[in-house]
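Me: Please take me through one part of this structure up close, beginning with the backbone. After that, carry on outwards to whatever else is worth a look.

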There are 2 protein chains.
Amino acid sequence: MKKINTKPISGMSELLPEKWAIFKELKQKVLTSFERNGFWEIETPIIERGEVLLAKAGGETEKQIYRVSKVEEGAGQALRFDHTVPLARYVAEHQNELNFPFRATQIGRNFRGERAQKGRLREFYQCDVDIIGSDLSLCYDAEVIRTLAETLAEILPKTEQAVMMVSNRKILMGLIEELELNDKSTMILGVIDKRDKIGEEKVLEILVEEVGEEKALRILEVIRMVGKDKLFFENLRKIGVKNKMFQEGVEELELLAEMIEGVEAEFDMAIVRGLDYYTGTVFETKLINRPEAGSVCSGGRYENLTSNFSKRVFPGVGGSIGLSRLFAVLENEFVAGGKLGDLVVMAMSEKEYLVASKIAKMAREKGMKVAVLVIGKKVGEELAIAEKNYEFAMIIGEEEASGKKEIRMKNLQSRTEVGFLDYLGDKK
Amino acid sequence: MKKINTKPISGMSELLPEKWAIFKELKQKVLTSFERNGFWEIETPIIERGEVLLAKAGGETEKQIYRVSKVEEGAGQALRFDHTVPLARYVAEHQNELNFPFRATQIGRNFRGERAQKGRLREFYQCDVDIIGSDLSLCYDAEVIRTLAETLAEILPKTEQAVMMVSNRKILMGLIEELELNDKSTMILGVIDKRDKIGEEKVLEILVEEVGEEKALRILEVIRMVGKDKLFFENLRKIGVKNKMFQEGVEELELLAEMIEGVEAEFDMAIVRGLDYYTGTVFETKLINRPEAGSVCSGGRYENLTSNFSKRVFPGVGGSIGLSRLFAVLENEFVAGGKLGDLVVMAMSEKEYLVASKIAKMAREKGMKVAVLVIGKKVGEELAIAEKNYEFAMIIGEEEASGKKEIRMKNLQSRTEVGFLDYLGDKK
C-alpha cells in the first residue's frame, strides 16, 4: 500500500462538520439577506474559457490562475478567480433575456493560485451582489453598499463591527489628470493601494522618485483625507483642484453620502481598490476591533466590464463579502446555533432496526434531524458520544420494540426524560 | 475589440435566475431532507491532488479527469469527479477527530471531462449521503436507501415516481466464483452494467465469446431475475448456486428487503454499478414514466474505500442523487414556488430614493425580498416588466415621498391595491 498524502492541498479549506455547520449558517444568512434585498442568485460554471477570464485581468491575476486541461483537449480552460468576470460574460451572453437593471447575487467558491496564508486561501467563498444596467443611477451604488452593510451587521459576531470605507476613483484620477501624470496612473494607484502594507512613508518615497517631490506631496495631501461628515467635503474642496473629473468625483461622493444615510461609513481618499475595472465609487470595509485583518468586503462601480464580450456597454456596481476570509479572521467568535442533530435513536440490535426506523420517521416528519444507530451493548459509551452532537437520545431494546415498555427520550443536555409520544404531541 | 465566445464551455450548466431559483429550491430541499435524516453536511475542496483522485479510479475516470495546473507549480492537482473519493480522503485524514459511524452529506459540483449530452453534463451537482464506520451493520444500507427514497419522493414532480432497483454484488461475484471466472470478473460486470445501453442480446453475444455458451447462459439466467417479494428470493435460491459468497449475498439482500419495508423497491440482479469499489449492496433508481432517462440516484456498500489513504479499514455505504441529471430530464415539470422577488419599490427619481430605501427596509424587516428601482417617467413600461418577477409594486413620486399621498402597493397578479402600512400591519 502506497500511503498518499491526505492533507488538503495547501490553501484549500476543509472544515469538520461542527465548523462547516457554522460556516454554512453564515452562508445561508448571507443569501437570505441578499435575496431580501432584491438580488437574484445565479451560479456560473466553475470552469471558464481561459480567454474569458483573462480578457480584462492584469498581470497579477494571470499568474494566479489555475489552468485546467484535459490531456486530449489541451489547455484553454481555467478556474474562475472571482464572480465579476463570469457575471460580465453571463450578462453579455444573456443580454436579450434579462431585464435591466439586473440585480444578481452569486455565492460560491473562487480560486487563486497564490501563496496561501491565514485569511488568504487559494479556494475561497465569496458572496457577491451586483447591479448591472445602462444609465445606472448612483442610487444603485447606495443599494449595493446598504445591502452589504446590512448583511455584514447580520453575520458579524456581537463583538465586532464593520465600517464601510468609501471613496470615488474620479477624485484621484482627476488629481492625476490635473498633475499631468495620466501615463503613470496605474503605478500611482497601485502604490496607494499598498499603503496599508508598506506604510505611508514608503508610499511617499516611491512617489517622490516617480513623479517628483511637489506632485508627490500633492497626492499625499489628498490620500490622507479621511472623514465622515459635511466638514470632510468642505476640506476636500478647499484643496482647490480645478479638474472636472475631480469635481465630479467629489459631487458623486457627497450625493452618495446622503443616499447611504444610516450606514456606518467613512470617506477615505486612500481607498482605490487594486483591480483596474473600477471607474467611480469604490469601497472597502474595516473591522473596528481588527483593522489589521484588512478588508472583508469591498467593491465599486465599473463603467464597462463587458467590453470584451459585447458591443453594448453595461455599467455596473457591485461588491463582495470575502466569507472565507471573514471566517478565518473571526473563527473563534462565531458560535454554532445548536447541535448537529436533534435526536439519535439507538437500536440495541438489528432486530430493533425497523421499530427504530419508524420512530425516526415520525420525528423527521416533525422536522427533527434524526440519526439511527445500532449500538450493541455499549449504551453508556454511546450516550457519552451522543451528548456532544445531539439534543436527545432514545434507546430501543427488545421491550421498547415490542411495546412492553414506553419509549422515552433522554434530553442529553438537561439529563431529564420525556415520553416520546408526549414530546411529539407538543411539537406542532 | 476582440469578440470572445461567451457561451459557457460545453457541458457547463448555466441557468437563468428563474430556472436557478427552482434548481436551488430542490437543492435546499435535498439538504433539508438529508439533514433531517441525520446526515451532516461537509464540503471538501474542489481541487484535490491528482494522486488522491486516481488512487482508486480505473481507466475511464483517468481519461475524464480535468487536470489543474499552474505554470510555476506544474500539474498534479485535479478537479474531483465525485464526492466519494474526497470523502475517503477526508475520513482518513480526520479519523481521530470523527465519531463513527459518521453520517455525512455533501451537495456540490463535480467534474468529468467526457462528451456532454442532455442529462450528462461535464460539471454537475451531486447530492451524496454516506455512512462510514467499522463493523457496519446492514441497517445502515437501509438507512441510506430510505433517506434517498424519501428525498426523491420529496423533490420529484407529482407526475413522476422513482423505484429503487436493488441488488447485492456478492450474488454475481459468488456466481462468477462458482463458474471459476474470477480472472474475468471485471469484464463480466462491465458488460452486464452496459445491458441497458447495448441490449441483452449483445450482452449474451459478448459473454459467449468470452466465457463459452454454457457459463454465459448461466450468468444470463441470474441477471434476468427481477422481483419484489418472497417469491423472488425463493426463485433465486432455486437456481442452486452452492457458492458461499452467493448465499451470503442472497441472505443480505433478503434481510435488507425487510429493513427497507415501505420503500418502493425492486430487486434486479442485473444491477452491478460501474465503479470498482462496491462490494455488497448496490442500487440504482428507475423513473416509472421515463425509464429511458436511466438512473438518477445510485450507490452501494464499499468495504475498503480508504485503503489508499489509511492503514485502518473503513467500510461505508452511500448513495447519490444526480441532481443535475434529474433536473435536465424533468426540467419542464418542475414549477417555481413563487416570484423571484416580493416587492419592487419604484422611485420616480433619485430625489425619492431615500424614502424608497426606507420603505424597502421596513418590508425587508418583515422578510420580504425587495428591490429598489429608479424609473424616470416610464411607469407603465416598468410595471409591465415587474409583473413577471414580483408580487407587488409600489411607486414613490414627489407626493408619496413628502407624505402628501398615501403609499399604496399594487398586487401585480390580482391588480388590486392595498395601503403599505395596512399590509405590513397584517404581516406578523
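**A proline loop and beyond**

Reply: Let's start at Pro101(A), which sits in the loop that runs between α4 (84-93) and β5 (102-111) of chain A. This is a predicted model, so read everything here as computed from predicted coordinates. The thing to look at is the bond just before that proline: Phe100(A) and Pro101(A) are joined by a cis peptide bond, with omega at about -5°. Most peptide bonds are trans, so a cis one deserves a second glance.

Now go to chain B. There, Phe100(B) and Pro101(B) are linked by a cis peptide bond too, and omega is again about -5°. Pro101(B) belongs to the loop between α4 (84-93) and β5 (102-111) of chain B.

While you're checking the backbone of chain B, click on Asp135(B). Its phi is near 55°, a positive value in a residue other than glycine. Most residues other than glycine have a negative phi. You'll find Asp135(B) in the loop between β6 (123-132) and α5 (139-155) of chain B.

Back in chain A, α5(A) covers residues 139-155 and packs against α1(A), residues 17-36. The angle between the two helices is about 145°, and their axes are 10 Å apart. The crossing of α1(A) past α5(A) is right-handed. On the α1(A) side, the contact uses Leu26(A), Lys29(A), Val30(A), Ser33(A), Phe34(A) and Arg36(A). Facing them from α5(A) are Thr147(A), Leu148(A), Glu150(A), Thr151(A), Glu154(A) and Ile155(A). Sorted by class, this contact of α1(A) with α5(A) has five nonpolar, three polar and four charged residues.

Next comes the interface of chain A and chain B. The contact draws 104 residues from chain A and 104 residues from chain B. Between them, the two chains bury about 9100 Å², and carbon and sulfur atoms give 52% of that area. The count between chain A and chain B is four salt bridges. One of the salt bridges to click on joins Lys358(A) to Glu261(B), where the closest N and O atoms are 3.6 Å apart. There are also 16 residue pairs in polar contact across the interface, with both residues at pLDDT 80 or more.

Here α1(A) turns up again: it supplies eight residues, the largest share of the side of chain A that touches chain B. Taken by class, the residues on that side of chain A divide into 46 nonpolar, 21 polar and 37 charged.

How values were computed
Residues numbered from 1 in each chain as written. Chains lettered and ligands numbered in written order. Predicted model: local features only at pLDDT ≥ 70, side-chain atom pairs only at ≥ 80, totals over all residues. Heavy atoms only, no water. Axes fitted to C-alpha atoms, helices over the stretch in contact; angles between N-to-C directions. Helix = DSSP H or I, 4+ residues; strand = E, 2+ residues; numbered from the N terminus. Left-handed = near helix turned anticlockwise from the far one by under 90°. Contact = heavy atoms within 4.5 Å. Nonpolar A, V, L, I, M, F, W, Y, C, P; charged D, E, K, R; others polar. Buried area = accessible area lost by both parts, 1.4 Å probe. Salt bridge = Lys/Arg side-chain N within 4 Å of Asp/Glu carboxyl O. Polar contact = N/O pair within 3.5 Å; in protein donor to acceptor, adjacent residues only side chain to side chain.
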